[in-house]
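Q: Please take a close look at one part of this predicted model, working outward from a single residue to the parts that surround it.

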Amino acid sequence: MPNWGGGAKCGACEKTVYHAEEIQCNGRSFHKSCFLCMACRKALDSTTVAAHESEIYCKTCYGRKYGPKGVGFGQGAGCLSTDTGDHLGLNLQQQGSPKPARPSTPTNASKFAKKMVDVDKCPRCGKSVYAAEKIMGGGKPWHKTCFRCAICGKSLESTNVTDKDGELYCKVCYAKNFGPKGIGFGGLTQVEKKE
């Protein structure tokens, strides 16, 4: 039958897809509004689509339907879901996979907080310092934003940091405030000496 409409047929609704509204995937054309996961109906784009033969899915539903099954095969946030895949026509018991285990006791926020007491505290602000924001200076962990000179506020690095009594200083401020005094040491100038 000739294609009188001038465009390809949509892989989802079989209506004509014109160039302005066309999305191509796996050699097929789709309307932008029809480019949805076949299982959960979530809108797809080039980064979230997973094609299987003539079907398109979001990566989560694709993994549930066609990915490996069993303990230890969870991937990303999808493995944290309690979804059994019933809307995909999956029955985990029929496929020989064990039923997802449920914790014997409910998770309690206070129990979780007790495990987190070993987190280091920043000497400057007193808040917790996590690995992603930790800088060591003077043998203590600091936030990147707190790793500054106590006097001038200049941001510090390992090449220009000096510590004294648990506080951080840039080398210039340290020399002015704690270094040797006198002519040529940054404490007194020639003008002050004559007075």
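A: Thr-162 counts as buried, since its relative accessibility is 18% and the limit for that class is under 20%. This threonine belongs to strand E11, which covers residues 161-164. Leaving aside residues up to four places away in sequence, Thr-162 touches Glu-167, Leu-168, Tyr-169, Lys-171 and Tyr-174. Of these partners, Glu-167 leads on to the neighbouring strand, because Glu-167 lies in strand E12, residues 167-170.

The two strands E11 and E12 run antiparallel and are joined by four bridges. Together E11 and E12 make a hairpin with two residues between them, and in the turn Asp-165 has a positive phi of about 55°. Within this pairing, Lys-164 stands opposite Glu-167 of E12.

Glu-167 also takes part in a salt bridge, in which its side chain meets that of Arg-124 at 2.3 Å, N to O. Because Glu-167 lies in strand E12 while Arg-124 lies in the loop between E7 and strand E8 (128-129), this pair ties together parts that are 43 residues apart in sequence. Glu-167 counts as partly exposed, at 23% relative accessibility, and Arg-124 is likewise partly exposed, with a relative accessible area of 31%. Thr-162, which touches Glu-167, is by contrast buried at 18%.

The loop that holds Arg-124 begins after E7, and E7 itself carries a partner of another salt bridge. The side chains of Asp-120 and Lys-134 meet there at a distance of 3.1 Å, N to O. Asp-120 lies in strand E7 (residues 120-121) and Lys-134 in strand E9 (residues 134-137), so that this pair ties together parts 14 residues apart in sequence. Asp-120 counts as partly exposed at 32% relative accessibility, and Lys-134 counts as partly exposed at 33%. By the rule applied here, the count of salt bridges comes to two.

Away from the hairpin, the cysteines deserve a careful reading. A search of the whole structure finds zero disulfides. Cys-149 is in no disulfide, and the nearest cysteine sulfur, which belongs to Cys-152, is 3.7 Å away. For Cys-37 the closest cysteine sulfur is that of Cys-40, and at 3.7 Å this sulfur is too far for a bond. The cut-off that decides the matter is a pair of cysteine sulfur atoms within 2.5 Å. Both Cys-37 and Cys-149 are buried, the former with a relative accessible area of 0% and the latter at 4% relative accessibility.

Cys-40 also provides a reference point for helix H1, since Thr-60 and Cys-40 are separated by 20 residues in sequence and by 9.5 Å in space, C-alpha to C-alpha. Thr-60 has its place in helix H1, which covers residues 59-66, and is partly exposed, with a relative accessible area of 34%.

The structure holds five aromatic pairs. One of them is formed by Tyr-62 and Tyr-66, a tilted pair whose rings are 5.4 Å apart, centre to centre, with 45° between the planes. Tyr-62 and Tyr-66 both lie in helix H1, where the four residues that separate them correspond to about one turn of the helix. Tyr-62 is partly exposed, with a relative accessible area of 27%, and Tyr-66 counts as partly exposed at 31% relative accessibility. Ring pairs link these two tyrosines with Tyr-57 into a cluster.

For the setting of these parts, the chain as a whole contains four helices and twelve strands, and 24% of its 195 residues are buried. Among contacts between residues at least 6 apart in sequence, 16% join residues at least 24 apart. The accessible surface of the chain comes to about 14,000 Å², with 54% of that area belonging to carbon and sulfur atoms.

To return to the starting point, Thr-162 is a buried residue of strand E11, and E11 is paired antiparallel with E12. From E12, the salt bridge of Glu-167 reaches Arg-124 in the loop between E7 and E8.

Definitions and conventions
Residues are numbered from 1 along each chain as its sequence is written. This is a predicted model: local features need pLDDT of at least 70, side-chain atom pairs count only at pLDDT 80 or more; totals for chains, interfaces and linings use all residues. Side-chain values use heavy atoms; hydrogens and water are left out. Buried means under 20% relative accessible area, exposed over 50%, partly exposed in between (1.4 Å probe, protein chains only). Contact means heavy atoms within 4.5 Å. Accessible areas come from the Shrake-Rupley method with a 1.4 Å probe; for residues, only the protein chains shown count as cover. A salt bridge is a side-chain nitrogen of Lys or Arg within 4 Å of a carboxyl oxygen of Asp or Glu. Two strands pair if DSSP finds at least two bridges between them. Rings of Phe, Tyr and Trp (its six-membered ring) pair if their centres lie within 6.5 Å; planes under 30 degrees apart count as stacked, over 60 as edge-to-face and the rest as tilted.
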